[in-house]
Amino acid sequence: MSVEGGEKHGSLEGEDTGVTGPFNFSSEPTLEDIRRLHAEFAAERDWEQFHQPRNLLLALVGEVGELAELFQWKPDAELGPQAWPSKERAALQEELSDVLIYLVALAARCRVDLPRAVLSKMDTNRRRYPAHLSRGSACKYTDLPHGATSEDQAVGTADPACESTNQAST
């Protein structure tokens, strides 16, 4: 949790961890703010020299590994991380933050405008996974039925084995 200008950002202590309604991110910081904060942090330490795309990618993968470690061997409880003790939730927040920071830094170094890339990818996914063909299915888009033209058709999946293997991919 950070405090900027007297305003709280994020929370751990006393946070409502119940799943009572939809979750919304705070509007700040933006991805550009995160890029700038990380760039300033690295510049102050003369670390830009170490931030080639390969290095940033490997750091990102390492942080994803640390994030995965938090979930390793945990039961698939209904509430999941929302029910974790505050120390584990704090670790979750830190590892997710590390992943986002390195992802943003990698995107910036590769000159990929993430917000625009996300919008483009979501358009691609909408075309690949029409709701009337993919609703409730874990099939990859290449395994979805293609002959259906309305939501009344293609209730099931083209390959029933696909559902049991959960092979969805974006």
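**Close-up 1. Arg45 and its salt bridge with Glu44 in the predicted model**. Arg45 is partly exposed in this predicted model, its relative accessible area being 36%, and its side chain forms a salt bridge with Glu44, where the closest N and O atoms are 3.2 Å apart. The partner, Glu44, counts as exposed, because its relative accessibility of 62% lies above the 50% limit used for that class.

**Close-up 2. The salt bridge between Lys74 and Glu88**. The closest N and O atoms of Lys74 and Glu88 are 2.8 Å apart in this salt bridge. Since Lys74 lies in the loop between α2 (53-71) and α3 (86-109), while Glu88 belongs to helix α3, the pair ties together parts that are 14 residues apart in sequence. Lys74 is partly exposed, with a relative accessible area of 29%, and Glu88 likewise counts as partly exposed, at 30% relative accessibility.

**Close-up 3. A salt-bridge network that includes Arg36 and Glu40**. Asp33, Arg36 and Glu40 are joined into one network by salt bridges that share partners. Within this network, the side chains of Glu40 and Arg36 meet at a distance of 3.5 Å, N to O; both residues lie in helix α1 (residues 31-44), where they are four residues apart, or about one turn of the helix. Glu40 is partly exposed, with a relative accessible area of 38%, and Arg36 is also partly exposed, with a value of 34%. Across the predicted model, the count comes to seven salt bridges when a side-chain nitrogen of Lys or Arg must lie within 4 Å of a carboxyl oxygen of Asp or Glu.

Methods. Residues are numbered from 1 along each chain as its sequence is written. This is a predicted model: local features need pLDDT of at least 70, side-chain atom pairs count only at pLDDT 80 or more; totals for chains, interfaces and linings use all residues. Side-chain values use heavy atoms; hydrogens and water are left out. Helices (H or I, at least four residues) and strands (E, at least two) are DSSP runs, numbered from the N terminus. Buried means under 20% relative accessible area, exposed over 50%, partly exposed in between (1.4 Å probe, protein chains only).
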